Amino acid sequence: PDPKKQQLVTYYEKGRLRGKWVGPYIATSLNNDSVAVNSVVLEALRFANKRWFRPVFVFFNTGFQTFNVWRDFWRAWKNTPGLSVAKAVARYKQAAPLARVRAFGLPETPTQQQQQAAVALREAEEARILTVTMGDLVAGRTVEDSEIEDVFSRMGLLNRVAEHPHRVLKPFRAVLNWIRKAGDFFETLPKAATLYEFVGKGSISDLTPAQRSFIRRRVGTPDILAGGTLKPLQNEILLFSNFYVQGIRSDLQLATDPRSRGEWWWKTAKLNIAPKLLALAVIYGLAGHEDDDEVPDWLKRLRRIFLGMTEYDLTNYINVPLGFDDKDNPVYWRIPMDDTGRVIGGLTWKLLRTLTGDRDVMQSAMQILDYTAGQFPGVTPTIGAVSDVGQFLAGGRVYDPFRNRFVLSEDEAKARDWR
């Protein structure tokens, strides 16, 4: 490298400080990555996040898995040029064999279709279109060696040491492992579907570097291996922050690129903005009032359903009214949106609420600010837990901001006699 661009890297050898001039990229990796990766505090956070919080939030959370199916589908449809909803569904069906092999592996007697899917999977992984899954990341696999090991294992080319869990835990582990593999299956679907959309009648090797990068970064789960030198640090303090940052960044590139912004915003308007306008029209305009004889009964019933929806659901979901239950409570179907679309739709709804004049303007403005802030990844519970334990041991009362109250009442706090 150019001597003017070289940087000094220092280290200790037998107790003596040594230094070498190296290239800027090597210096950045050694000076920054080593601090972020090897910090004792960070290791403690990583242990807690890996062993408990990430598995609970992602691996074994069926609610998250269900939400993720819709989020990835809408992101694939919206970001892929020329892809209609009907065609996306057809590509999903075509991608199912590949996704199944990636998640569950090849059976002992695979069909011809499954063997072809395994070949396509190997080609996609060799082309760096498919890398690690979210499940791999949560399990702590962050190096390429682990990816290769997993690929060989799924293809039956690697004999791992078999695990023998306790017989009491064995059925529970089987269920949890199935939930994780199902998550990998659904995570693979959008990327494999877009892969087949780009390939057409050709082969995976014909894909251009730009198309491979597009599938990896802009379809389904964002590129989880991308990030700066402080990614190991920020991703342990702010859980899943790298997913959020990489997803929003790649979506904004599509939203501002002259070649893609027209179609991207048109799809966003149809998916994320139009349902908010329709809900507002039903609540405030189309359905009129209960005593208005000129309004059809079905439209009045529709308005009652929307009035029965929570503000949270109206802000964050596409809500499809279905009717009423036996107790005359509104029944509706909540359809999740992609992350970027959810933010745009949520801000649209809050702004529309402000324009109706039905609420105090300042209160609505504060709701917009609160909503925007609430979309950013939260701090790992490990940090809050350490603070709460310290406060409890010191004799203080621990406050629960989610329920807006103290965990223990004054009488309960006074009654404890453990010290």
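This report describes the fold, nonpolar cores, one helix and one surface patch of a predicted model.

## Basis

Local features need pLDDT of at least 70 and side-chain atom pairs pLDDT 80 or more, while totals for chains, interfaces and linings use all residues. Residues are numbered from 1 along each chain as its sequence is written, and side-chain values use heavy atoms, without hydrogens and water.

## Overall fold

The protein chain has 18 helices and six strands (DSSP runs, H or I of at least four residues and E of at least two, numbered from the N terminus). Of its 419 residues, 40% are buried (under 20% relative accessible area; exposed is over 50%, partly exposed in between; 1.4 Å probe, protein chains only).

## Nonpolar cores

The largest nonpolar core (buried Ala, Val, Leu, Ile, Met, Phe, Trp, Tyr and Cys residues joined through side-chain atoms within 4.5 Å) has 33 residues. Leu98, Ile129, Leu195, Ile204 and Leu207 have the most contacts inside it (contact: heavy atoms within 4.5 Å). Helices α3 (62-79), α4 (85-104), α5 (112-126) and α8 (170-199) each supply at least two residues of this core. Apart from this core lies another, of 15 residues, including Ala279 and Met309.

Beyond its neighbours within four places in sequence, Leu195 contacts Ala124, Ile129, Ile204, Leu207 and Ile215.

## Helix α11

Helix α11 (residues 241-256) has 16 residues and spans 22 Å from first to last C-alpha, close to the 22 Å expected (1.5 Å times one less than its number of residues). Its buried residues include Phe243, Tyr244, Ile248, Asp251 and Leu254.

## Helix α2

Val56 is in helix α2 (residues 40-59) and is partly exposed, with a relative accessible area of 35%.
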